[in-house]
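Biologist: Please take one part of this model and look at it closely. I would like the strands, and the charged residue among them.

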Amino acid sequence: MKQANDGRRQRHNGGFTLIELLVVLAILGLLAGLVGPKVWNQFARSKTNTAGVQIKSIESSMELYRLDVGRFPSSQEGLNALIVKPASVNGWNGPYMPELPPDPWNNPYRYDNPGKHGDIDIYTLGADNAPGGDGENTDVGNWK
């Protein structure tokens, strides 16, 4: 049996109105404006923290190098002495690291022997790759 259609259409209530969608978009925009900068700052801080952890790892490898060779690598030998035996070194028992990681901003870590802050300085200049700075641009070294 067919039901009689009296000419009225049934209204389908399955979707959202334009007003409801605009309200949701406005709320999402406000949340992004409030939360976004805090998330970005946390991301920048995590890169600085990662640099500190990597520097500590390189410094530990340098200590192993010093125990084997009797001295830290010269500035000319650099951090690469942890990976490849320098020609004039006796007692080298490396490699002391599988590879030298770049800093979180994809720059090589810097090394000075003698250091300005200690026997050796291992450091990065931060996101701007220039001395000094604040936040993500701050210098991170084994002296901090």
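What follows is a close look at one strand and its neighbours.

Modeller: Keep in mind that this is a predicted model. The part to look at is strand S2, residues 121-124. S2 has a partner in strand S1, residues 110-112. S1 and S2 pair in the antiparallel sense, over three bridges. One pairing to find there is Tyr111 with Ile122, its bridge partner in S2. S2 also pairs with strand S3, residues 140-141. These two run antiparallel as well, joined by two bridges. Here Tyr123 stands opposite Gly141 in S3.

Now the side chains. In a regular strand they alternate between the two faces of the sheet. In S2, Asp121 and Tyr123 point one way. Ile122 and Thr124 point the other way. All four are buried.

Asp121 deserves a second look. This residue lies in strand S2. Asp121 is buried yet has no salt bridge. Which side chain of opposite charge is nearest to Asp121? That is Lys116, 6.7 Å away. A salt bridge needs the side-chain nitrogen within 4 Å of a carboxyl oxygen, so Lys116 does not form one with Asp121. The backbone gives another picture. The backbone nitrogen of Lys116 lies 2.7 Å from a polar atom of the Asp121 side chain. The backbone nitrogen of His117 lies 3.3 Å from a polar atom of that side chain. In short, Asp121 is buried without a salt bridge, with the backbone nitrogens of Lys116 and His117 at its side chain.

Terms used:
Residues numbered from 1 in each chain as written. Predicted model: local features only at pLDDT ≥ 70, side-chain atom pairs only at ≥ 80, totals over all residues. Heavy atoms only, no water. Buried < 20%, exposed > 50% of the residue type's maximum accessible area, 1.4 Å probe, protein only. Pairing = 2+ DSSP bridges. Lys, Arg positive; Asp, Glu negative; His and termini not counted. Polar contact = N/O pair within 3.5 Å; in protein donor to acceptor, adjacent residues only side chain to side chain.
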